[in-house]
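Reader: Before we start, please show me the model, and then I will ask how its labels are justified.

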Amino acid sequence: MMKNKLLLLALLVIAGALAYYCFNTDGKSESASTAAGGTYKLEYTPTLQAYGFTEPVVLKTKPQRVVSLVHTPVLALHEMGIRQVAIPQAAMLEWPSDLVKEAKLLNVSMNSNFDIESVIALEPDLVIVGYQSKDTYGKILDREKIPVYYVDAGHVVSYESIKELTDVLINAFGKDNAGAEAITARFNKLETRMAAKRQENKGQRVMVLQSAPPRHYIQGKDGTLGSMLDMLGYENVYKNNKMVLVDLEQALAYEPDLLFCVGGSKTAAEHQQVMEEDFAKNPEYWNNIKAIREHEVIYLPIKYVATAGINVIDNINELIDIIDAKKLKHNE
């Protein structure tokens, strides 16, 4: 009798142990399965939705071989640790050395000559393309069953559009990611700083010249530099949104408090030299503009001609510092 009781007790212990093991193993398997089956969703930004891109791109696994054919996502992906096997060449900035060491540099500036087959050969698991290329590169990549995500692209991509895209990338790939958290913190800090500057600069008038002397173009608030100044609270004297050759006669009536000059020079000092040499060729005209006559001019390098993604944060912060330094010098 006692022997039977001991045997029954032993069987109960074994059954309990098996049940515990199965329960925990099943739980672990389910968790592993959920993790393995988790998806990464790239929603489309409001800007792209306005162009008709509404269905999100859903990836079954985190991408390991991304090709970026546009500049705007490159730095955010890099800071989040997403591997890019190819990125565009950049004239406006220098990519981080560790990124260049790993990624192939693509010359996509001449779209008609670009060979999309070279991208396919890299066996990417995600290609990021400008929305304008949907019917060209997009069709070829779709045919090869390579996931494609379209983004805002062009000579001018607004701060708001860059921020929208960065939020999408962070939502898709940035969970518990220190790089993503740092990017968000930098955006938040900049937003607070810009809000203060909008109050400080209210009522001040600016003119923006983008120049390759002897040609001078004028930017409204939709230009790269013009939009930055608009976010800092300045009033642009030029109300048209298109950048056009400056009307020299009309420019005499603008009377900006500050003139901003940007162009293709690598440094501000180089652009200042180019501009002042051109001003000196026709001083009777240029000195009629009060800001030039009174040296209320800020010269900026090529990186303010176009943005390349989240470097816009550093560019705006640096622009604020440059303006503040000039104000400080003016008040001494």
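The exchange below goes through the labels and the values behind them.

Author: This is a predicted model, in which local features need pLDDT of at least 70, side-chain atom pairs count only at pLDDT 80 or more, and totals for chains, interfaces and linings use all residues. Residues are numbered from 1 along each chain as its sequence is written, and side-chain values use heavy atoms, with hydrogens and water left out.

Reader: What makes a run of residues a helix or a strand here, and how many of each does the protein chain have?

Author: Helices (H or I, at least four residues) and strands (E, at least two) are DSSP runs, numbered from the N terminus. The protein chain has 14 helices and 13 strands.

Reader: Why is Thr 72 called buried?

Author: Buried means under 20% relative accessible area, exposed over 50%, and partly exposed in between (1.4 Å probe, protein chains only). Thr 72 has 6% relative accessibility and therefore counts as buried. Its place is the loop between strand S3 (66-68) and H3. Contact means heavy atoms within 4.5 Å. Leaving aside neighbours within four places in sequence, Thr 72 has contacts that include Val 151, Asp 152, Ile 162 and Leu 165. In the whole protein chain, buried residues make up 43% of the 332 residues.

Reader: What makes Pro 147 partly exposed?

Author: The relative accessible area of Pro 147 is 28%, so the label is partly exposed. Pro 147 sits in the loop between helix H6 (134-143) and strand S7 (148-151). Its C-alpha is 5.0 Å from that of Leu 126, although the two are 21 residues apart along the chain. Not counting neighbours within four places in sequence, Pro 147 is in contact with Leu 59, Asp 125, Leu 126 and Val 127.

Reader: How do you know that Val 297 is buried?

Author: Val 297 has a relative accessible area of 11%, so it is buried. This residue belongs to strand S13 (residues 297-300). The C-alpha atoms of Val 297 and Leu 259 are separated by 4.7 Å, with their positions 38 residues apart along the chain. Apart from residues up to four places away in sequence, Val 297 touches Leu 258, Leu 259, Cys 261, Ala 291, Ile 292 and Lys 326.

Reader: What is the span of H8, and what is it set against?

Author: The expected span of a helix is 1.5 Å times one less than its number of residues. H8 (residues 178-201) has 24 residues and reaches 34 Å from its first C-alpha to its last, close to the 34 Å expected. For H7, with 15 residues, the reach is 21 Å, close to the 21 Å expected.

Reader: Why is H7 called mostly covered, and which residues of H8 are buried?

Author: In H7, 12 of the 15 residues are buried. The buried residues of H8 include Ile 183, Phe 187, Leu 190 and Met 194. An α-helix has 3.6 residues a turn, so residues three or four places apart point the same way. The cover over the buried residues of H8 includes helix H3 (74-79), helix H7 (159-173), helix H9 (224-231) and helix H14 (311-331).

Reader: How is the packing of H8 and H14 described?

Author: Axes are lines fitted to C-alpha atoms, for helices over the stretch in contact, and angles run from 0 to 180 degrees between N-to-C directions. H8 and H14 pack at an angle of about 35°, with their axes 10 Å apart. Residues making the contact include Ile 183, Phe 187 and Leu 190 of H8 and Ile 313, Ile 316 and Ile 320 of H14.

Reader: What makes Glu 123 and Glu 255 worth a remark on phi?

Author: Most residues other than glycine have a negative phi, and most peptide bonds are trans. Phi of Glu 123 is near 55°, a positive value, and Glu 255 has a positive phi of about 50°. Glu 123 is exposed, with a relative accessible area of 63%, whereas Glu 255, at 37%, counts as partly exposed.

Reader: Which peptide bond is cis, going from Pro 213?

Author: The bond from Pro 213 to Pro 214 is cis, with omega near 10°. Pro 214 lies in the loop between strand S8 (205-212) and strand S9 (215-219).
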